[in-house]
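Here are some exercises to work through at your own pace. Keep the sequence and the structure open beside you, and try each task before you read its solution.

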Amino acid sequence: MTALFATPGMALASTVVIVLELLSVVILCVGLLSYRIILQSHHGFHISLHHAGKRARWGSFGLLAWLYIVSTVFLIALTSMIFVWQPRFF
Amino acid sequence: MHEQQTSNGTFFLSKLDQYWVKRAIKPVVMPNERLLSVSHEHWIKYVFPSFLYVALTGTSLLLLYFAALFAPSVLGVALFLFILGVTLLFVTHHWFFWFLLAESQAHIIITNKRVIHIHESLLWREEMVEVSFEKMKTVEAHKRNIFQSVLNYGTLQFEPMVKIRLVSHPGALARQIEQAMGMI
């Protein structure tokens, strides 16, 4: 395992990886915030219509958003582990 | 002091929330309007992006594998491949999930007064097509090819040149609209 900040090249690579992972978290948060606003907007319209109408199915925040969060965290953990431990196949 | 900070933080978040909610599309409910049905667009729209997602994720994992392969001997190449792989992996991942989240909220809403098609992308695109029954003269359902016939999706076309594509069961939906318009 090469030390992460031992050489200028490794230090640069470590910085790039950390920045990419932080950026990934920011994109996740912005995406979820924007998604929540769309949901709120649709939900408000649905509530206004629903009082006398037929019950309808609308998308829920649940599964997709959680899948997005879990898979992003998984990818960040995976790439960090590969970068830190640097597995060698041969 | 701590309470003050929390309250300031909450205030900021609520203001941010209000700003974004103001920007979002809010269809206005007409007097005596009732909801008849809400349907999603056809799942075919997910097929090509899913294929692309699998292909690009596979490519990025391959780059990570090659990075690990080169790691001990040629460190520069290994690092370059690793950063390229990670970048491709994250870009593909976020693009795909932003697409899924946005497309899952595309709806075709039928009320007793109009048809509304809402289609949005996270952050940058907001689209709402609304056709009132007062302006609508006819409604047609089209399936253009054998593929659309087998998978049962197509296009709804209204008289004032409005089209809604990727509609599941367009025939049934057209009948429902005609019923709501009092045409049958």
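Helices (H or I, at least four residues) and strands (E, at least two) are DSSP runs, numbered from the N terminus. This is a predicted model, in which local features need pLDDT of at least 70 and side-chain atom pairs count only at pLDDT 80 or more, while totals for chains, interfaces and linings use all residues. Residues are numbered from 1 along each chain as its sequence is written, chains are lettered from A and ligands numbered from 1 in the order in which they are written, and side-chain values use heavy atoms, with hydrogens and water left out.

**Exercise 1. The two chains**

Task: Describe chain A by its helices and strands, then do this for chain B.

Solution:
- Start with chain A, which has two helices and zero strands.
- Move on to chain B, where you should find five helices and seven strands. Along the sequence they run α-β-α-α-β-β-β-β-α-β-β-α.
- Next, look at burial (buried means under 20% relative accessible area, exposed over 50%, partly exposed in between, with a 1.4 Å probe and protein chains only). Chain A has 90 residues, and 34% of them are buried. For chain B the share is 43% of 184 residues.
- Finish with the surface, using accessible areas from the Shrake-Rupley method with a 1.4 Å probe, where for residues only the protein chains shown count as cover. Chain A comes to about 5,300 Å², with 78% belonging to carbon and sulfur atoms. Chain B exposes about 10,100 Å², and carbon and sulfur atoms supply 64% of that area.

**Exercise 2. Two residues and their partners**

Task: Which residues are in contact with Ile38(A), leaving aside its neighbours within four places in sequence? Do the same for His93(B).

Solution:
- Contact means heavy atoms within 4.5 Å.
- Find Ile38(A) in helix α1 (residues 8–50) of chain A. Its relative accessible area is 4%, so Ile38(A) is buried.
- With neighbours within four places set aside, Ile38(A) is in contact with Gln105(B), Glu120(B), Ser121(B) and Leu122(B).
- Now go to His93(B), which sits in helix α3 of chain B. At a relative accessible area of 1%, His93(B) is buried.
- Beyond its neighbours within four places, His93(B) is in contact with Tyr68(A), Ser71(A), Thr72(A), Leu75(A) and Tyr53(B).
- As an extra step, go from Ile38(A) to Leu78(A), 40 residues apart along the chain: their C-alpha atoms are separated by 31 Å.

**Exercise 3. Aromatic rings**

Task: How many aromatic pairs does the structure hold over all chains, and why is the pair of Trp95(B) and Phe96(B) classed as it is?

Solution:
- Begin with the rule: rings of Phe, Tyr and Trp (its six-membered ring) pair if their centres lie within 6.5 Å; planes under 30 degrees apart count as stacked, over 60 as edge-to-face and the rest as tilted.
- Over all chains, there are eight aromatic pairs. For Trp95(B) and Phe96(B), the ring centres are 6.1 Å apart and the planes are at 50°, so the pair is tilted.
- Check the burial of both partners. Trp95(B) is partly exposed at 34% relative accessibility, whereas Phe96(B) is buried at 8%.
- Last, trace the cluster that ring pairs form from Tyr68(A), Tyr46(B), Tyr53(B), Trp95(B), Phe96(B), Phe97(B) and Phe99(B).

**Exercise 4. The largest pocket and the largest cavity**

Task: Which element gives the most to the lining of the largest cavity, and which gives the largest share of the lining of the largest pocket?

Solution:
- On a 1 Å grid over the protein atoms alone, a cavity is a set of points where a 1.4 Å probe fits but cannot get out, and a pocket is an open set with protein on both sides within 12 Å along at least five of seven lines; lining residues have an atom within 4 Å of a point.
- Grid points are joined across faces, edges and corners, and a volume is the space filled by probe spheres set on the points.
- Take the largest pocket, with a volume of about 200 Å³. It is lined by 11 residues, and Trp95(B), Trp98(B), Phe99(B), Ser121(B) and Trp124(B) lie nearest its centre. Two or more lining residues come from each of α3 (75–103) and β3 (114–121) of chain B, and the largest share, six residues, comes from α3(B).
- Turn to the largest cavity, which holds about 120 Å³ of space. Among its 12 lining residues, Gln86(A), Ala67(B), Ala71(B), Ala78(B) and Phe82(B) lie nearest the centre. α3(B) gives the most to this lining, with four residues.
- To classify the linings, count Ala, Val, Leu, Ile, Met, Phe, Trp, Tyr, Cys and Pro as nonpolar, Asp, Glu, Lys and Arg as charged, and the others, Gly among them, as polar. The pocket lining has six nonpolar, two polar and three charged residues; the cavity lining has 11 nonpolar, one polar and no charged.
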